[in-house]
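Here is a friendly walk through one protein model. Take a look at the sequence and the structure first, then read on.

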Amino acid sequence: MSNLAYPSETVTQKGTSGDVHVTGRRVVANILDGILLTAVGAGFLMAFGVETETAASTAGTSSMAAMSPTGTALYGVFAIAYYVVMEALAGRTAGKMLTGIRIVDEATGNAPSWGQAILRTLLRIVDGFFGYLVGFVVVLSNDRRRRVGDMVAKTLVVRA
């Protein structure tokens, strides 16, 4: 018999207890992960950037860098792999580590499986609409504070 508490604030399974009301921490974790991925993206831009001339102002032209298609594809693979690998192996990303939250399988309380991590990551596309507004509204609208990716993957984000 499961010890999961619906829809209370605490999920208890196999001795693991975690508060699912961590919305503020999730927002901060997303911002931190975004900063990290932006920094990595800058590195990809330096390695794979191409310079293009653009008209900037009445002062003349300025140079602007754009990433090559190869760089863009490699960066996309890196970003997807970052979420999948960190969530499957550690149960959290760097942002979640810094904010003291983790992802758990709702049935076992363990770190998510590779399949769950892939589902969560792929559904970031839906949750990320309008600057993650869709994910934020969905999280606030349910008692277990899950975004679409969590619902489909059957995961919870709890205090570590």
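What follows starts with the whole chain, moves on to its helix pairs and ends with a few single residues.

## The chain as a whole

Before anything else, keep in mind that this is a predicted model. The protein chain has seven helices and six strands. If you start at the N terminus and walk along, the elements come in the order β-β-α-β-β-α-α-β-α-α-α-α-β.

How much of the chain is buried? Of the 160 residues in the protein chain, 36% are buried. There's also a number for how the chain folds back on itself: take the contacts between residues at least 6 apart in sequence, and 59% of them join residues at least 24 apart.

## Helix α1 and its two partners

Helix α1 covers residues 23-48, and it's a good place to start on the packing. One of its partners is α2, which spans residues 69-90. The axes of α1 and α2 come within 10 Å and cross at roughly 150°. That angle is over 145°, so the two helices count as roughly antiparallel. The crossing itself is right-handed. On the α1 side, the contact is made by Asp33, Leu36, Leu37, Thr38, Val40, Gly41, Phe44 and Phe48, and on the α2 side by Thr70, Gly71, Leu74, Tyr75, Phe78, Ala79, Tyr82 and Tyr83. Sort these residues by class and you get eleven nonpolar, four polar and one charged.

The other partner to look at is α6, residues 129-140. Here the axes come within 11 Å and cross at roughly 165°, so α1 and α6 are roughly antiparallel as well. This crossing, too, is right-handed. From α1, the residues in the contact are Thr23, Arg26, Val27 and Asn30, while α6 brings in Tyr132, Phe136, Val139 and Leu140. The class count for α1 with α6 is five nonpolar, two polar and one charged.

## Where α2 meets α4

Helix α2 also packs against α4, with the axes 8 Å apart and an angle of about 140°. Roughly antiparallel would need an angle over 145°, so α2 and α4 count as oblique to each other. Again, the crossing is right-handed. The contact takes in Ile80, Tyr83, Val84, Val85, Glu87, Ala88 and Leu89 from α2, together with Trp114, Ala117, Ile118, Arg120 and Thr121 from α4. By class, that comes to nine nonpolar, one polar and two charged residues.

Leu89 deserves a second look. Is this residue of α2 buried or exposed? Its relative accessibility is 62%, so Leu89 counts as exposed, and yet Leu89 is also one of the α2 residues in the contact with α4. The C-alpha atom of Leu89 is 8.2 Å from that of Pro112, which is 23 residues away along the chain.

## Val22, just ahead of α1

Val22 sits in the loop between β2 (16-19) and α1. With a relative accessibility of 2%, which is under the 20% cut-off, Val22 counts as buried.

What does Val22 touch, leaving aside residues up to four places away in sequence? The list is Ile101, Val157, Val158 and Arg159. Val157 is 135 residues from Val22 along the chain, but the C-alpha atoms of the two are separated by 7.5 Å.

## Two buried charged residues in loops

Glu106 is in the loop between β5 (101-105) and α4 (114-122). Its relative accessibility is 13%, so Glu106 counts as buried. Which side chain does the side chain of Glu106 make a polar contact with? It's the side chain of Arg144, at 3.2 Å.

Arg146 is in a loop too, the one between α6 and α7 (148-153). At 12% relative accessibility, Arg146 is another residue that counts as buried. Leaving out residues up to four places away in sequence, Arg146 touches Arg26, Glu106, Val138, Val139, Met151, Lys154, Thr155 and Leu156. Two of these names also turn up in the contact between α1 and α6: Arg26 on the α1 side and Val139 on the α6 side. And Glu106, the buried loop residue described above, is on the list of residues that Arg146 touches.

Technical notes:
Residues numbered from 1 in each chain as written. Predicted model: local features only at pLDDT ≥ 70, side-chain atom pairs only at ≥ 80, totals over all residues. Heavy atoms only, no water. Helix = DSSP H or I, 4+ residues; strand = E, 2+ residues; numbered from the N terminus. Buried < 20%, exposed > 50% of the residue type's maximum accessible area, 1.4 Å probe, protein only. Polar contact = N/O pair within 3.5 Å; in protein donor to acceptor, adjacent residues only side chain to side chain. Contact = heavy atoms within 4.5 Å. Axes fitted to C-alpha atoms, helices over the stretch in contact; angles between N-to-C directions. Parallel < 35°, antiparallel > 145°, perpendicular 65-115°, else oblique. Left-handed = near helix turned anticlockwise from the far one by under 90°. Nonpolar A, V, L, I, M, F, W, Y, C, P; charged D, E, K, R; others polar.
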